[in-house]
Amino acid sequence: MTSRLGPIELEILRNAFTAAAAEMDVTIQRTSRSTIVRELLDYSTAVFDRDGYNVTQSARIPQHLNSMGYGLLEVVRRFLPLDRWQDGDVVVTNDPYCGGQHLPDILAFRPVFWEGKRIAVVGTLCHHLDMGGLAAGSYAASATEIFQEGLRIPPIKLYKAGHLNEEALALIRQNVRKPEIMWGDFQAQLASLAVGEAKLRALAERYGGDVVVAASAEFLDASERAMRAMIARMPDGRYEFEDWIDDDGISDAPIRVHAAIEIKGDEMTVDLSGCGKQAVGPVNATLASTASAVFYAVIACADEPIVPNAGCYRPVTLVAPEGLVVNARHPAPVAHRMVLSHRLANVLLGALAQAVPDRVPAAYYGASYVVTFQSVTAAGERRVLVEIEIGGTGGHPKEDGVSAYSAGMHNNANIPIETVESDLPIAILAYGLLPDSAGPGEHRGGLGLFREWRVECEEAFFTASLERFKFHPFGLHGGKPAARGYLYVTQNGERRALGSKVNNLHLRRGDVVRLETSGGGGFGNPTSRTRADLDRDLRLGYVTQAAAERDYRRRSAAE
């Protein structure tokens with residue numbers, strides 16, 4: 001079968017598969033309803049082979065893309081085998097204990113048939129604005145079990161042979177705060193699946209269904225070969241690193257995140273047995289999230305381009321015993337699983353930096369700074385805003401980090417101020433780069449940012465899932481850590497600091513919330529930074545004179 005496919009044909013088909021995923025991506029962006037999908041771009045699309053393995057993906061979010069295949073395989077192995085899927089079916093779930101990650105993320109899959117045979121599966125994942133639960137946005141910082149986090153959708157057929165399951169849809173709509181917006185985003189996912197199906201069928205019509213199946217297998221094998229070759233070029237050895245999660249929002253105790261990576265030949269074992277036990281609060285992760293961070297970190301260290309798909313995962317063995325924060329046991333809460341994913345990604349990169357120091361930057365900000373507002377007008381109308389802020393990336397062996405840049409496990413955009421203010425009675429008072437937030441170094445980290453929201457209605461409720469308030473993003477090779485994050489609220493003219501996890505804080509008209517995010521860690525000794533680079537930092541306001549004297553031992557730009 002594969003003898004029909006030479007290198008030119010395979011490259012044409014690979015790009016055609018990638019284009020299909022990209023067109024699915026654009027479809028969601030152009031047809032979605034909520035700001036978190038339409039503006040913040042918190043969604044992903046992918047194409048899978050006929051057995052459910054990820055073949056190609058859009059340029060979206062690593063946290064989603066590396067886990068969608070895991071989710072699909074969980075669904076077909078434990079709940080709905082692929083031989084029970086029909087043409088026109090759409091299978092959906094959001095349950096973290098059925099292959100998902102957290103409840104706002106709804107997975108949707110559709111099989112692609114050609115001449116009566118399944119030749120592929122297309123899939124989408126969207127972060128929905130709200131799925132019920134204790135807090136608007138389904139980000140309850142005080143949840144102690146998943147039942148408090150919102151509506152769980154087990155793997156079901158929302159569409160069966162092209163017919164909508166009206167009762168299932170009614171049940172879902174009844175349990176979310178903004179059902180029209182939720183259904184609008186859901187329809188965007190369905191439209192994306194239809195586009196993906198049409199593109200794969202067009203390829204089958206042109207080249208044949210058997211060729212589509214054979215090409216999928218070739219793509220996976222090629223990525224496996226590239227991954228093995230990359231690992232083989234790394235020095236054999238055992239590399240360990242650790243960092244800490246601030247707390248789980250329930251207690252003040254920090255949570256250890258430890259990785260031991262062993263490289264032997266063309267294979268790698270990632271052992272997470274040293275991580276802390278699962279937390280009471282919602283900072284836990286299931287294996288789908290944890291595996292996503294592992295594969296992201298390994299692929300990010302590649303010295304040559306590797307096409308990311310399920311073939312890349314074959315040479316990597318993951319050890320993560322159940323009951324740890326990296327592999328939580330049901331019914332542990334997981335709403336803020338990105339707390340763990342970001343920290344784990346930084347820890348893994350810290351370990352791999354010992355093997356390939358010329359490829360790995362210092363720690364990026366390492367947190368999804370999730371804040372949610374539920375506004376309540378005098379007439380009782382409620383609206384929901386979910387924002388995910390970012391910070392600075394780490395200094396690199398060859399250059400500075402990037403300021404206020406979505407990095408690591410996510411790939412989000414910001415929600416424009418005008419969009420927020422036109423959608424909710426919330427005003428954005430300030431938004432910009434935060435001076436002195438970057439880790440000092442020969443190549444300094446990128447800067448974090450600040451953002452301020454003011455309530456413009458009778459009352460609102462504020463929830464936050466933040467990190468890096470206690471443990472700084474680390475530097476490498478003599479570079480210094482970046483600044484920590486901070487959160488403040490101003491009420492009745494008095495400003496006070498808040499912790500990193502906040503649940504349903506009651507706000508009134510005129511109250512102001514200010515968030516300050518972490519920068520990235522520095523790389524190399526700060527005293528080795530060139531005078532020209534430091535002078536530029538001072539001139540642009542990235543570094544204050546006091547920080548220049550303290551961290552770089554420079555008294556003035558003219559000195």
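Reader: How many aromatic pairs are there, and what makes two rings a pair?

Author: The count comes to 9 aromatic pairs. Rings of Phe, Tyr and Trp (its six-membered ring) pair if their centres lie within 6.5 Å; planes under 30 degrees apart are stacked, over 60 edge-to-face, and the rest tilted. This is a predicted model, where local features need pLDDT of at least 70 and side-chain atom pairs count only at pLDDT 80 or more, while totals for chains, interfaces and linings use all residues. Residues are numbered from 1 along each chain as its sequence is written, and side-chain values use heavy atoms, leaving out hydrogens and water.

Reader: Why is the pair of Phe241 and Phe474 called tilted?

Author: Their planes make 50°, with 4.8 Å centre to centre. That angle is neither under 30 nor over 60 degrees, so the pair is tilted.

Reader: What makes Tyr486 and Tyr488 a stacked pair?

Author: Their centres are 6.3 Å apart and their planes 10° apart. The distance is within 6.5 Å and the angle under 30 degrees, so they are a stacked pair.

Reader: How do you know whether Tyr488 and Tyr486 are buried or exposed?

Author: Buried means under 20% relative accessible area, exposed over 50%, and partly exposed in between (1.4 Å probe, protein chains only). Tyr488 has 15%, so Tyr488 is buried. Tyr486 has 32%, so Tyr486 is partly exposed.

Reader: And why does Phe474 count as buried?

Author: Phe474 has 12% relative accessibility, which is under 20%, so Phe474 counts as buried.
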